[in-house]
Amino acid sequence: MSSLPLDLISDILSRLPVKPLLRFRCVSKCFCSLIDSQDFVKLHLNQAIETNSGLSLIVPTLTSDNKFFSLELDSVDNPVEIEYPFKKYNRGHTSVIGCCHGLLAMFNRRLGMSVFNPTTKKFKLFPQFWSDCYTDYMTNNFHFDGFGYDASTDDYKLVRIIQSYKVDYLEVIIYSLKADTWRRTREFPYYILDDRCNGVFIAGALHWLAARGSVRTGQNMILAFDLKSEKFYEVQQPHGMKGGFCSQVGVLRGCLWINSYYHDEPRCDIWVMKEYGSQQSWSKLCSFSKMLHETCYYTEAFAFSKDGDKALIYQHSRCLHWYNLKDHKQDVIEIRNGNQSFWDAFICMGSLASIDAYTTVGVDTE
């Protein structure tokens, strides 16, 4: 291998999964230096994004022990427990704010926020920021978070939207991991509709379901926050969604998707945006009826099978479905581990990404 050009070695290694790359760091100092370099980390990440490889589902449990499991897409019925940062402290409930480039932003009301790579096990705690913008549910304030990457400044950013149900109060907090600073703004003429919704990251922006104004009036819409300009804008919904009401938004193989349900019939449609930007183009991926109508409000799409013939659909009835896009048949997958059952799921990409290059302080490891 020493006789091969370094660029060729980098290209070969960039096509491998993260776990063998971590082992290859022990081969030599040269390999370790190469794999740890930010240039290689970005090369490997871009390769994973382009090929849509190394994907897994991260799912939290409903039980009081607050466990998290990882499910490989090839074996979604065989969950593996994740040792995440807050677990060892055993203090309070931990939730996932968002996922970007293989990094999980996790929030614990007692300990603060952590950015965690479940593959490399590296993480960093950020307790001060979240304590400064802490919201008390007992005073009817709710927060909606988002986590994404600003390519223009090579920076990861966290966004928190705070709104009150009883008083006319709205605030947006934007935090830069690279600069370790945040700013606040009250310029937010929208109302987030879903109490449990966090921002979905795609195309350099975070997305929520919202309505104009500070009350639930009018038809809902897709609201986006551009991480470069730090401005909000509206995303056009599908023209074919006549009479439908959008209840979920997410990302499927690099594309924005929404679902729509209908008050007058037991049906749920999932729409995928093929093109993002000035030439937005939506197409209907699939439609559910009868079997799923009781929980179609919380129907989400996460991934495609390797051959692209099936879509992995998740419901908040705590089960997964492989939905065949050709014959429209569904294979139900119960993801259970003993008495453990799951209440949510997040798609995560295996990567070498770490926030140690974006902060002025060191990164903790388990």
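Are E230 and K157 buried or exposed? Both residues are buried. The points below set this pair in the context of the predicted model.

1. Overall composition. The protein contains five helices and 26 strands. Of its 366 residues, 51% are buried. Among contacts with a separation of 6 or more, 47% are between residues 24 or more positions apart. The exposed area comes to about 17400 Å², of which carbon and sulfur atoms supply 50%.

2. The salt bridge of E230 and K157. The closest N and O atoms of E230 and K157 are 3.0 Å apart, and the two residues form a salt bridge. This pair links distant parts of the chain, 73 residues apart: E230 is in the loop between β15 (221-226) and β16 (231-235), whereas K157 is in strand β9. Both residues also belong to a network of salt bridges that includes D150 and R183.

3. Other salt bridges. The count for the model is nine salt bridges. One of them joins the side chains of D154 and K42, at 3.0 Å from N to O. Here, too, distant parts of the chain are linked, since D154 is in the loop between β8 (141-150) and β9 (155-164) and K42 is in helix α4, 112 residues apart. K42 is partly exposed, with 33% relative accessibility.

4. The strand pair R184 and E171. A salt bridge is formed by R184 and E171, with the closest N and O atoms 3.3 Å apart. R184 belongs to strand β11 (residues 181-185) and E171 to strand β10 (residues 170-176), so the pair ties together parts that are 13 residues apart in sequence. E171 is buried at 9% relative accessibility, while R184 is partly exposed with a relative accessible area of 39%.

5. Helix α3. The buried residues of helix α3 (residues 29-36) are F31, L34 and I35. Viewed down the axis of α3, these buried residues fall within an arc of 90°, and therefore they line one face of the helix. An α-helix has 3.6 residues a turn, so residues three or four places apart point the same way. The buried residues of α3 pack against α1, α2 (18-24) and α4 (38-51).

6. Cysteines. How many disulfides does a search of the whole structure find? The search finds zero. The closest cysteine sulfur to that of C30 is in C32, at 10.0 Å, which is too far for a bond. For C100, the closest cysteine sulfur is in C99, and the distance of 7.4 Å is again too far for a bond. C100 is buried, with a relative accessible area of 3%.

7. A buried loop residue. N117 is located in the loop between β6 (112-116) and β7 (122-126), and this residue is buried, with a relative accessible area of 0%. Leaving aside residues up to four places away in sequence, N117 touches G102, L103, K122, S351, L352 and A353. N117 and Y84 are 33 residues apart in sequence, with a C-alpha to C-alpha distance of 8.9 Å.

8. A nonpolar surface patch. L4, L8 and I12 make a nonpolar patch of about 210 Å² on the surface. Within this group, L4 is placed in the segment before α1 (6-13). L4 is partly exposed, with a relative accessible area of 31%; residues enter such a patch at over 30% relative accessible area.

Note on methods
Residues are numbered from 1 along each chain as its sequence is written. This is a predicted model: local features need pLDDT of at least 70, side-chain atom pairs count only at pLDDT 80 or more; totals for chains, interfaces and linings use all residues. Side-chain values use heavy atoms; hydrogens and water are left out. Patches are made of residues with over 30% relative accessible area and no salt bridge: like charges are joined within 9 Å, nonpolar side chains (Val, Leu, Ile, Met, Phe, Trp, Tyr) within 5 Å. Accessible areas come from the Shrake-Rupley method with a 1.4 Å probe; for residues, only the protein chains shown count as cover. A salt bridge is a side-chain nitrogen of Lys or Arg within 4 Å of a carboxyl oxygen of Asp or Glu. Helices (H or I, at least four residues) and strands (E, at least two) are DSSP runs, numbered from the N terminus. Buried means under 20% relative accessible area, exposed over 50%, partly exposed in between (1.4 Å probe, protein chains only). A disulfide is a pair of cysteine sulfur atoms within 2.5 Å. The arc is that of the directions from the helix axis to the C-beta atoms. Contact means heavy atoms within 4.5 Å.
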